[in-house]
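Colleague: Please take me through this entry in questions and answers, beginning with its charged side chains.

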Amino acid sequence: MDHPLIDLINQKIAAAEADGAFDDLEGAGKPLPREEDPENALINRLIKESGGVPEFVSLSRELAKLREELRETGDRTRRQDIMKEMSMMEAKIDLARKQAR
């Protein structure tokens, strides 16, 4: 089933094409860049352009913050809590890395 607005969309595209909106586009006539993951190419591009990072990268940043907090903390109880958090974070990072492959 087509999108309910497909006719309007096609009309707008045809009008833009007639007005030359697609002339002189960057990369026109050149092959598309090779994608390692063609099934998810659009999602990957959108994430990259919006500044998104893979989950394991954001988790690694959190782990670095925990390490810094551990260095600065003298309270034994808090240090133990931080080390438990770090251990869990490392496990999450390993899982996220495996999923990213």
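Modeller: A salt bridge here is a side-chain nitrogen of Lys or Arg within 4 Å of a carboxyl oxygen of Asp or Glu. The model is predicted, so local features need pLDDT of at least 70 and side-chain atom pairs count only at pLDDT 80 or more, while totals for chains, interfaces and linings use all residues. Residues are numbered from 1 along each chain as its sequence is written, and side-chain values use heavy atoms, with hydrogens and water left out.

Colleague: At what N to O distance do the side chains of R45 and E49 meet?

Modeller: Both residues belong to helix 2, four residues apart, which is about one turn of the helix; helices are DSSP runs of H or I with at least four residues, numbered from the N terminus. Their side chains form a salt bridge, and the N to O distance is 3.2 Å.

Colleague: Is E49 buried or exposed?

Modeller: Buried means under 20% relative accessible area, exposed over 50%, and partly exposed in between, with a 1.4 Å probe and protein chains only. The partner R45, at 47%, is therefore partly exposed. E49 has a relative accessibility of 58% and so counts as exposed.

Colleague: Which residues are linked in a network of salt bridges?

Modeller: R78 meets E69 at 2.7 Å, N to O. R78 also pairs with E85, where the closest N and O atoms are 3.3 Å apart. R78 is partly exposed at 25%, as are E69 at 28% and E85 at 35%. The network therefore links, by the salt-bridge definition, E69, R78 and E85.

Colleague: Which helix supplies the largest share of the largest nonpolar core?

Modeller: A nonpolar core is a set of buried Ala, Val, Leu, Ile, Met, Phe, Trp, Tyr and Cys residues joined through side-chain atoms within 4.5 Å. The largest one has nine residues: L59, L63, L66, L70, I82, M86, M89, I93 and A96. Helix 3 (55-72) and helix 4 (76-100) each contribute at least two of them. The largest share, five residues, comes from helix 4.

Colleague: What accessible area do L5, L8, I9, I13, F22 and L25 have together?

Modeller: Patches take residues with over 30% relative accessible area and no salt bridge, joining like charges within 9 Å and nonpolar side chains (Val, Leu, Ile, Met, Phe, Trp, Tyr) within 5 Å. Areas come from the Shrake-Rupley method with a 1.4 Å probe, and for residues only the protein chains shown count as cover. I13, in helix 1, is partly exposed at 42%. Together the six residues named form a nonpolar surface patch with an accessible area of about 520 Å².

Colleague: Which residues gather in a patch of negative charge on the surface?

Modeller: Asp and Glu count as negative and Lys and Arg as positive, without His and the chain ends; a charge is placed at NZ of Lys, CZ of Arg, CG of Asp or CD of Glu. E36 lies in the loop between helix 1 (6-18) and helix 2 (41-49) and is exposed, at 85%. The patch consists of E35, E36, D37 and E39.

Colleague: What value is the phi of D24 near?

Modeller: Most residues other than glycine have a negative phi. D24 is in the loop between helix 1 and helix 2 and is exposed, with a relative accessible area of 80%. Its phi is positive, near 60°.

Colleague: How far apart in space are P33 and E62, C-alpha to C-alpha?

Modeller: P33 is in the loop between helix 1 and helix 2 and is exposed, at 63%. P33 and E62 are 29 residues apart in sequence, and their C-alpha to C-alpha distance is 33 Å.

Note on methods: Helices (H or I, at least four residues) and strands (E, at least two) are DSSP runs, numbered from the N terminus.
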